[in-house]
Amino acid sequence: MKEFDTIAAIATALGEGGISIIRISGKNSVNIVDSIFVPKSGDSILNIKPYTMRYGNIVESGTKDNIDEVIISFMKGPRSFTAENVIEINCHGGIFSTKRILEEVLKAGARMAEPGEFTKRAFLNGRIDLSQAEAVMDIITAKTDASMKAAVMQSEGRISKEINTLREELLELIAHIEATVDYPEDDLEELTSENTVKKLKIILYKIELLINSADEGKILRDGLSTAIVGKPNVGKSSLLNALLEEKRAIVTEIEGTTRDVIEEYINVSGIPIKLIDTAGIRQTEDIVEKIGVEKSKKKIDEADLVIFILDSSRNLDEKDLDIIRYIKNKKYIILLNKIDLPKKINREDLKGLDSKYIIDISAKNGFGIDRLKKLVKELFFNGEIKSQDLIITNTRHKAALIKAKSNCEEAINALKNTSAIDLASIDIRNAWYDLGYITGDTMEEDLIEKIFKNFCLGK
């Protein structure tokens, strides 16, 4: 276990609530808390047993005045989150009282923890690897049950186990190749090449399976960015309200009511969807509305999915056709809204668009909303979210897998030419190194620092 100073931070969300927790980790954590804690039983916590709690008061270090009633819990390293001695002070929830206790802990000798430093220590002390550490933040930020399950699976080491197995298989291949190079008199080169190519192809197949899961994994982790677009007053805000099942956006008969981009998350059968209600795309002289229109176009470019709404009671015009041309190379769903009114647009009018993704709806009364949700699943998850499968949710992991795949392909090409068998060993070693980036075994220190800076304080 590495030697670190003692750190402290508020581990719960800062605000009014029933309980707040201040976490202290390091070899001096018990001594620091003992200097400001007065137990009700009169016993010092210097002799506290691991995984027990004590009731008492936190007091000011100078005056010894009571600050708050608290319960102290103690986790002894290495059987703690950070693999160090950890004290948690459970106090009454509230911004002022929680901050006052933290101030006393810092005065007593602890240092304010950096973002993610508790999890970083768990990684550096060998309790978890880097992919498990990253899963901690994924659990915190999970938006649906499916994204939560994927994060928990990663935190339990399922991805680490798969990656470590692949790395062991690559090391075995390196050993076979180098044995051939070291003992050329045994004439093993041709046999080694054939067997190694077969084994590399199996490893390559496993890597490709993980890469192919990454697109779905990114959606589970970050949400499906979905832009709702259309001309003014076609029902974009009504659709947003229908999907959210609340009146989030203002709905009026006046064109240009929505002047800025509105973003909200919803859960559609386990898929976290970031809905973006954009300003109606039209030519306008209103400066504020014009800014909103420009933002709308930018959001369309960035979106994973575009939901284009047409007012089916109005004939298609050049503005509608412009939007169709703008979105036809993206994944889209076309909604023919206001079907309770006399219909003036039919599927036949929408030439060049896939009729499978054109549906009739009434955003006002909710008709067609279930069909819309089903189409989203079909477009991105083939109709089913397999939350029990091993899924790559981290972009950094995907990049490492792509590099490992490329090096495996280079190794196969080298092995097919037996005169370059020693070059194949270099490519396989590079693939082994690439996969180590996922677990942190071959990670540079500056990149590790960058990853943990994205964590929240107290974690």
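Two strands count as paired when DSSP finds at least two bridges between them. With that in mind, let us walk through this predicted model, starting at strand β1. Four bridges tie β1 to β2, and the two run antiparallel. Within that pairing, A8 stands opposite I24 of β2. Turn to β7 and you will find A8 opposite M112; here two bridges make the link, and β1 and β7 run parallel.

What about the two faces of β1, and which residues cover them? In a regular strand, side chains alternate between the two faces of the sheet. In β1, I7 and A9 lie on one side, with A8 and I10 on the other, and all of them are buried, so that both faces are covered.

Now step back to the whole sheet. It is an open one with mixed pairing, built from seven strands in the order β3-β4-β5-β6-β2-β1-β7. The edges belong to β3 (37–39) and β7 (111–112); each has a single partner strand, so one side of each is left without a neighbour in the sheet. Elsewhere in the sheet, β4 (residues 53–59) and β5 (residues 66–75) run antiparallel and are joined by seven bridges. One pair to look for there is N57, whose bridge partner in β5 is E69.

Helices pack on this sheet as well. Helix α2 (residues 95–107) touches β1 (7–10), β2 (19–25), β4, β5, β6 (86–92) and β7, and its direction makes about 175° with that of β1. Helix α3 (residues 117–124) also packs on the sheet, touching β1, β2 and β7, with its direction at about 135° to that of β1.

Next, have a look at the nonpolar cores. The largest has 50 residues, and L239, I334 and L335 touch the most other members. Helix α12 (residues 369–381) gives the most to this core, contributing seven residues. Leaving aside residues up to four places away in sequence, L335 touches L239, I307, F308, I309, L310, I359, I361 and L372. There is also a second, separate core of 31 residues, which includes I159, I177, L204 and A400.

Finally, a word on confidence. The mean pLDDT of the protein chain is 81, with 84% of its residues reaching 70 or more. Over residues 249–260, however, the pLDDT is below 50, and this stretch has 33 contacts in the model beyond near neighbours in sequence. Residues 281–289 also stay under 50 in pLDDT, and the model gives them 20 contacts beyond four places in sequence.

Notes
Residues numbered from 1 in each chain as written. Predicted model: local features only at pLDDT ≥ 70, side-chain atom pairs only at ≥ 80, totals over all residues. Heavy atoms only, no water. Contact = heavy atoms within 4.5 Å. Axes fitted to C-alpha atoms, helices over the stretch in contact; angles between N-to-C directions. pLDDT = per-residue confidence, 0-100. Buried < 20%, exposed > 50% of the residue type's maximum accessible area, 1.4 Å probe, protein only. Core = buried A, V, L, I, M, F, W, Y, C linked by side-chain atoms within 4.5 Å.
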